[in-house]
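Biologist: I would like a close look at a single part of this protein, taken slowly and set in its surroundings. Please begin with the overall order of the elements and then go down to the residues.

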Amino acid sequence: MRAAPVVGYRDWTGALIGSLYSPNSLLYPVMVFAAAASGITISTANSSYTAHELAHQLSEASASLVLVGSDLVDVAREAAKEIGLGEDRIYVLPGVDGTVNTKGLKSYESLRGEVIAPMKITADKLMTSAACESRTVVTPDLSLTTRVSVLPFSSGTTSKPKGVQISHS
């Protein structure tokens, strides 16, 4: 759970919904679990989506944060523009070659050091080796039995994809 602070962000209060739009990689499950540990609902998006399809999911999920693989930045940028989501809410993950090409956006690593709401401690403090070894990650004060943890979307075989709410319980 060392990565949990990476997806924390200082400007949000209450429920935060983020979208993970990236091909499968070793970092993918880390980001899903880090989001859960940070109290963020993560909406996983199909990496073959077009900009319009991604915009539909971002809008339906009310996503206010996009974590995108380097290879999909242009699609995510277009989708964000379509729904009025600022580019300052897009963070770039490594692409399939393992490198981060931000194309003028922020790297997901820039989220380190932000104050994590509502815990009010800095991520840098949590990321030190001593803190990680001697401390259990405490999730934000949210009801884990009723809070939506993951918001994947159906395939939309008969119409547009719809979100499927999955809680911790």
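In what order do the elements of the protein run from the N terminus on? After that, please concentrate on helix 2: which of its residues are buried, and which elements do these buried residues pack against?

Modeller: The model is a predicted one, and what follows should be read with that in mind. Starting at the N terminus, the elements run β-α-β-α-β-α-β-β-β-β-α-α-β-β, and the protein has five helices and nine strands in total. Of its 169 residues, 44% are buried, and the accessible surface comes to about 8700 Å², with carbon and sulfur atoms holding 53% of that area. Among the contacts with a separation of 6 or more, 61% join residues that are 24 or more positions apart.

Helix 2 itself covers residues 51–61, and its buried residues are A51, L54, A55, H56, Q57, L58 and A61. These buried residues pack against three strands, namely strand 1 (16–21), strand 2 (40–45) and strand 3 (65–69), and also against helix 3 (73–83).

The pairing with helix 3 can be described in some detail. Two packed helices are described by the angle between their axes together with the distance between those axes. For helix 2 and helix 3 the angle is about 55° and the axes are 8 Å apart. An angle between 35 and 65 degrees falls in the range counted as oblique, and helix 2 and helix 3 are therefore oblique to each other. Their crossing is right-handed. On the side of helix 2 the contact is made by A51, H52, L54, A55, L58 and S59, while helix 3 contributes V75, A76, E78, A79, A80, E82 and I83. Sorted by character, the residues of this contact comprise nine nonpolar, two polar and two charged. Several names recur when the two lists are laid side by side: A51, L54, A55 and L58 are buried in helix 2, and A51, L54, A55 and L58 also take part in the contact with helix 3.

Where helix 2 ends, S62 follows, with a positive phi near 60°. S62 is placed in the loop between helix 2 and strand 3, and its phi of about 60° is positive although S62 is not a glycine. A second residue with this feature is K103, which is not a glycine either and has a positive phi of about 50°. K103 sits in the loop between strand 4 (90–93) and strand 5 (106–107), where it is partly exposed, with a relative accessible area of 35%.

To see more of the surroundings of helix 2, it helps to turn to strand 1, one of the elements against which its buried residues pack. L20 lies in strand 1 and has a relative accessible area of 0%, so it counts as buried. Leaving aside residues up to four places away in sequence, L20 touches Y28, M31, V32, I42, S43, T44, A45, L67 and L93. The C-alpha atoms of L20 and G69 are separated by 8.5 Å, although their positions lie 49 residues apart in the sense of being that far apart along the chain.

M31, one of the residues that L20 touches, is found in helix 1 (residues 27–38). With a relative accessible area of 1%, M31 is buried. M31 and L67 are 36 residues apart in sequence, and their C-alpha atoms are 8.9 Å apart in space; L67, like M31, is among the residues touched by L20.

The loop between strand 1 and helix 1 holds N24, and at 71% relative accessibility N24 counts as exposed. From C-alpha to C-alpha, N24 and S47 are 8.5 Å apart in space, with 23 residues of separation in sequence.

Further along the chain, T146 is found in the loop between helix 5 (129–134) and strand 8 (148–150). T146 has a relative accessibility of 61%, which is over the 50% limit, and therefore counts as exposed. The C-alpha atoms of T146 and S169 are 7.6 Å apart, and the two residues are 23 apart in sequence.

Definitions and conventions:
Residues are numbered from 1 along each chain as its sequence is written. This is a predicted model: local features need pLDDT of at least 70, side-chain atom pairs count only at pLDDT 80 or more; totals for chains, interfaces and linings use all residues. Side-chain values use heavy atoms; hydrogens and water are left out. Buried means under 20% relative accessible area, exposed over 50%, partly exposed in between (1.4 Å probe, protein chains only). Helices (H or I, at least four residues) and strands (E, at least two) are DSSP runs, numbered from the N terminus. Contact means heavy atoms within 4.5 Å. Accessible areas come from the Shrake-Rupley method with a 1.4 Å probe; for residues, only the protein chains shown count as cover. Axes are lines fitted to C-alpha atoms, for helices over the stretch in contact, and angles run from 0 to 180 degrees between N-to-C directions. Angles under 35 degrees count as roughly parallel, over 145 as roughly antiparallel, 65 to 115 as roughly perpendicular and the rest as oblique. A crossing is left-handed if the near helix is turned anticlockwise from the far one by less than a right angle, and right-handed if clockwise. Ala, Val, Leu, Ile, Met, Phe, Trp, Tyr, Cys and Pro count as nonpolar, Asp, Glu, Lys and Arg as charged, and the others, Gly among them, as polar.
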